[in-house]
Amino acid sequence: MKINKNFDNLVPNYLFAEIAKRVSDYQTANPENDVIRLGIGDVTLPLAPVVIEAMKKGVDDLAKKETFKGYPDYEGYGFVREAVSGYYKSFGVEVSADEVLISDGAKSDCGNIGDIFDKDNIVLVTDPVYPVYVDSNIMSGRNIIYADCNKSNNFKAMPDKNLHCDIIYLCSPNNPTGAAYTADELKEWIDYAIENDAVILYDCAYEAFITDNVPRSIFAVEGARKCAIEFCSLSKTAGFTGTRCGYTVIPKELERDGHNIYKTWYRRQATKFNGVSWPVQCGAAAVFSEEGQKQIKENLGYYQENARIISQALDELGIYYTGGKNSPYIWLECPNGMGSWEFFDLLLTKANVVGTPGAGFGKNGEGFFRLTSFGDRDKTVEAVRRLKEILA
Ligand SMILES: *Cc1c(COP(=O)(O)O)cnc(C)c1O
C-alpha cells in the first residue's frame, strides 16, 4: 500500500507548539511572574442561557420513545435551516432555507469542499492565511497561488486580472488580520471570479463582529450567487467552538463544468457526513431566536470592548494595525522594525504578555503580530497597561 504523498508537502505547523514551548520555558524560569495570554483564538465566555435550555430540552427528547431522534437529515433539520434563512433576512440578504446546509463547523466544510473539485484546479489564497485553506489543498495535490496582503493594501488583497485561478478562498472579517472587505472590494472579486469561471469560497466565521457598514455575507453583493459558496459558524458568533455547529450556503442555481454545485456537495455530504446531533441543532436554532440574538450580543459586546481597549492603546502608541473593529483580532505592526518572533520574546519577557507571531500565518505576516480580544476583561486591561509601559 502507499500513503498519499501529498502529505509530505505539508509544512509542519510549529506555530502554537513553539509558542507553548517558549511560554512554558519562561514560566519555569520565572514562576513568580503572571503571564497574560492574548494569543488565544478560542472563545472563553459560556453559551447563552437560551441555548443551554434548548440543548437540555433536546437531550430530554432523546430520553423518550415518542420524541427520540435517530439520524438527522444530511443538510440539517428544516427548522434550523429556516432559522438561518431568517437570520440572513435580518440583515437584508435573501438565502432560502433549502440553500443552507447545517454542518459540524466551518473548518470541516472549508476543508472538505475540495472533494468536489478536480485536482487540476488552481487555488488562490491570500497571505497571511488561515492554514486550513492551504493544507487541505496540499493534501489534494493542488497548485496554490498567493495573493499578497500587506500594509500597502491594508491587508486586503485584490484580484490580479492577469492571473488565472479556479478556486478563491476569501475570509472576511479575516483571521488573522481582522481586515474586512467592503461591498465594492467584494464586487471586484466577484467580477474576477465570474470572468475566470472560478468559485469563491467565502468564510465569514466572524461576521457577527461586524459593526461598520461592510457586508456580513458575500450574498449581500450583486453577482455572488453566480460564483460563491459561503461558510459560516456559530463558533465565534455564539461560543460553539466546543459544541460544534456551522452552516454552508450554496445558491441552488450555481453550476460549474455542467454540474450543479449544491447537488454535488450534497452527494459528498450524504456519503461522508451523518449530520449534527439533535441537541446541538436545537441549541443552534435558539441562537437565531429573538432572545438568543439578544443574549449572544452580550458576549460579543464583551469581546468587542476588549478589542476596543487594545486598539485604543495602539492608537495612542501610534502603532499601525488592522482589525480591532469588525473582528476579535488586532493585527499590529511590530514596533521598531522588529521581527514577529523578536517581538513575541520582548512582549513575553518584558511585559509577560503572550500573542501570536504573524510570521506563523504566511510570509507577509513577518514583522506583524496578532492579539485577540477573547480574553478576560481585567487581564486585557492589565496586558494593555504593560504594553504601553514597555512601548511608550
Ligand atoms: C474559528 C474559525 C472558523 C470556525 O471553525 P469551526 O470549525 O466552525 O469552529 C472558520 N474559519 C476561520 C477563519 C476561523 O478562524
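Guide: Welcome! A word on classes before we start: Ala, Val, Leu, Ile, Met, Phe, Trp, Tyr, Cys and Pro count as nonpolar, Asp, Glu, Lys and Arg as charged, and the others, Gly among them, as polar. Please keep in mind that this is a predicted model.

Visitor: By class, how many residues of each kind has the shell around the ligand?

Guide: Around the ligand there are 14 residues, and Asp 203, Tyr 206, Ser 233, Ser 235 and Lys 236 come nearest. Helix H4 (106-112) and helix H7 (234-238) each supply at least two residues of that shell. Sorted by class, the shell holds 6 nonpolar, 4 polar and 4 charged residues.

Visitor: How much of the area that the ligand exposes when taken alone does the protein bury?

Guide: Let's begin with the contacts: oxygen atoms of the ligand lie 2.7 Å from a polar backbone atom of Ala 106 and 2.6 Å from a polar side-chain atom of Arg 244. A polar side-chain atom of Asp 203 is 2.6 Å from a nitrogen atom of the ligand. Taken alone, the ligand exposes 390 Å², and the share buried by the protein is 93%.

Visitor: Now to Asn 174: is this residue buried or exposed?

Guide: Asn 174 is found in the loop between strand S5 (167-171) and helix H6 (183-195). Its side chain reaches the backbone oxygen of Cys 171 at 3.1 Å and the backbone nitrogen of Thr 177 at 3.1 Å. Buried means under 20% relative accessible area. Asn 174 has a relative accessible area of 7%, so this residue is buried.

Terms used:
Residues are numbered from 1 along each chain as its sequence is written. This is a predicted model: local features need pLDDT of at least 70, side-chain atom pairs count only at pLDDT 80 or more; totals for chains, interfaces and linings use all residues. Side-chain values use heavy atoms; hydrogens and water are left out. A residue is near a molecule or strand if one of its heavy atoms lies within 4 Å of it. A polar contact is a pair of N or O atoms within 3.5 Å; within protein, one must be able to donate a hydrogen and the other to accept it, and residues adjacent in sequence count only if both atoms are side-chain atoms. Accessible areas come from the Shrake-Rupley method with a 1.4 Å probe; for residues, only the protein chains shown count as cover. Helices (H or I, at least four residues) and strands (E, at least two) are DSSP runs, numbered from the N terminus. Buried means under 20% relative accessible area, exposed over 50%, partly exposed in between (1.4 Å probe, protein chains only).
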